[in-house]
Amino acid sequence: MQVSINVNGEQRSHEVEDRTLLVHYLREECGLTGTNIGCDTTSCGACTVLLDGESVKSCTVLAAQADGREVTTIEGLADGEELHPVQRAFQQKHGLQCGFCTPGMVMASVSLVEENPNLTEAEVRAGLEGNLCRCTGYHNIVEAVLTAAKEKQGAAE
Ligand code: FES
Ligand code: FES
C-alpha cells in the first residue's frame, strides 16, 4: 500500500507492506536511524517517536496507521543548530551514558513536558516508566526532564 506521512515537516510517500512497522519505515525507507530498536516486546521505549504530538512506541504502530499523520523523530527536534530545550537539558544534566535509550527517552520527555510543565519528580518517573535505561540509574534523566519542565514554565509566565 501507499502511505503518505509528514516526517519531521517533510511530506513523504512510499510503498510499504501492510505489516511494515513504523519504526522500520522510519529507519529503512526514510533513513532516519536515530530511532532505535531495543526489543521486540514493546517494553524498552527506545523506538519512541511523536505521532501527531503524542509519544508512541513506533515498534507497536504500523506505518499504515501513520498514513496522513505527522511523525516527529529525534532528527526533527532541533531547530537547525539549536537543540530542543529537552535535548539541551539532557546534555546539561548528563542524562545519558551510552546514548542508546536517549532518542526514545528524549521523545517521551518532550511529550511529558508538553502535556504538563508542572511535573513533579514522581510524575516524571511514572511518565517514563515505559522507557528503559541500562546505564544511568535514571537520576540524571529525571533531573533533565524537571529542568526542561521548569524552563517551559518560565517561558509560559
Ligand atoms: S523497540 Fe519499541 S519498545 Fe523496544
Ligand atoms: S544511556 Fe545507555 S541505555 Fe540509557
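T35 lies in the loop between α1 and β3. The model is a predicted one. T35 counts as buried because its relative accessibility is 2%, and the cut-off for burial is under 20%. Leaving aside residues up to four places away in sequence, T35 touches V23, R27, A46, C47, V49, S58, T73, I74 and E75. One of these contacts, V23, is also among the buried residues of α1. Another, A46, also lines the largest pocket.

Helix α1 spans residues 22-29. Its buried residues are L22, V23, Y25 and L26. These residues lie on the same side of α1, because they cover an arc of only 165 degrees around the axis. In an α-helix there are 3.6 residues a turn, so residues three or four places apart point the same way. Strands contribute to the cover over the buried residues of α1. Among them are β1 (2-7) and β2 (10-15). The cover also includes β3 (48-51) and β5 (70-72). G31 follows α1. The phi of G31 is positive, near 70 degrees.

Two of the covering strands, β1 and β2, also pair with each other. The pairing is antiparallel and runs over six bridges. Within it, I5 has R12 of β2 as its bridge partner. The two strands form a hairpin, with two residues between them. N8 sits in the turn. Its phi is positive, at about 50 degrees.

Helix α2 covers residues 85-92. Here the buried residues are V86, Q87, A89 and F90. They span an arc of only 160 degrees around the axis, which means that they fall on the same side of α2. The cover over the buried residues of α2 includes helices, namely α3 (102-115) and α5 (139-156). H94 follows α2 and has a positive phi, near 55 degrees.

The largest pocket holds about 190 Å³ of space. Its lining contains the cysteines C44, C98, C101, C133 and C135. G38, A46, F100, L132 and R134 also line the pocket. By class, eight of the lining residues are nonpolar, one is polar and one is charged. With Gly counted as polar and Arg as charged, the polar residue is G38 and the charged residue is R134. The nonpolar class takes in Cys, Ala, Phe and Leu, so the cysteines of the lining belong to it, as do A46, F100 and L132.

Notes
Residues numbered from 1 in each chain as written. Chains lettered and ligands numbered in written order. Predicted model: local features only at pLDDT ≥ 70, side-chain atom pairs only at ≥ 80, totals over all residues. Heavy atoms only, no water. Buried < 20%, exposed > 50% of the residue type's maximum accessible area, 1.4 Å probe, protein only. Helix = DSSP H or I, 4+ residues; strand = E, 2+ residues; numbered from the N terminus. Arc of directions from axis to C-beta. Contact = heavy atoms within 4.5 Å. Pairing = 2+ DSSP bridges. 1 Å grid on protein atoms, 1.4 Å probe; cavity = no way out; pocket = protein on both sides within 12 Å on 5 of 7 lines; lining within 4 Å. Points joined across faces, edges and corners; volume = space filled by probe spheres on them.
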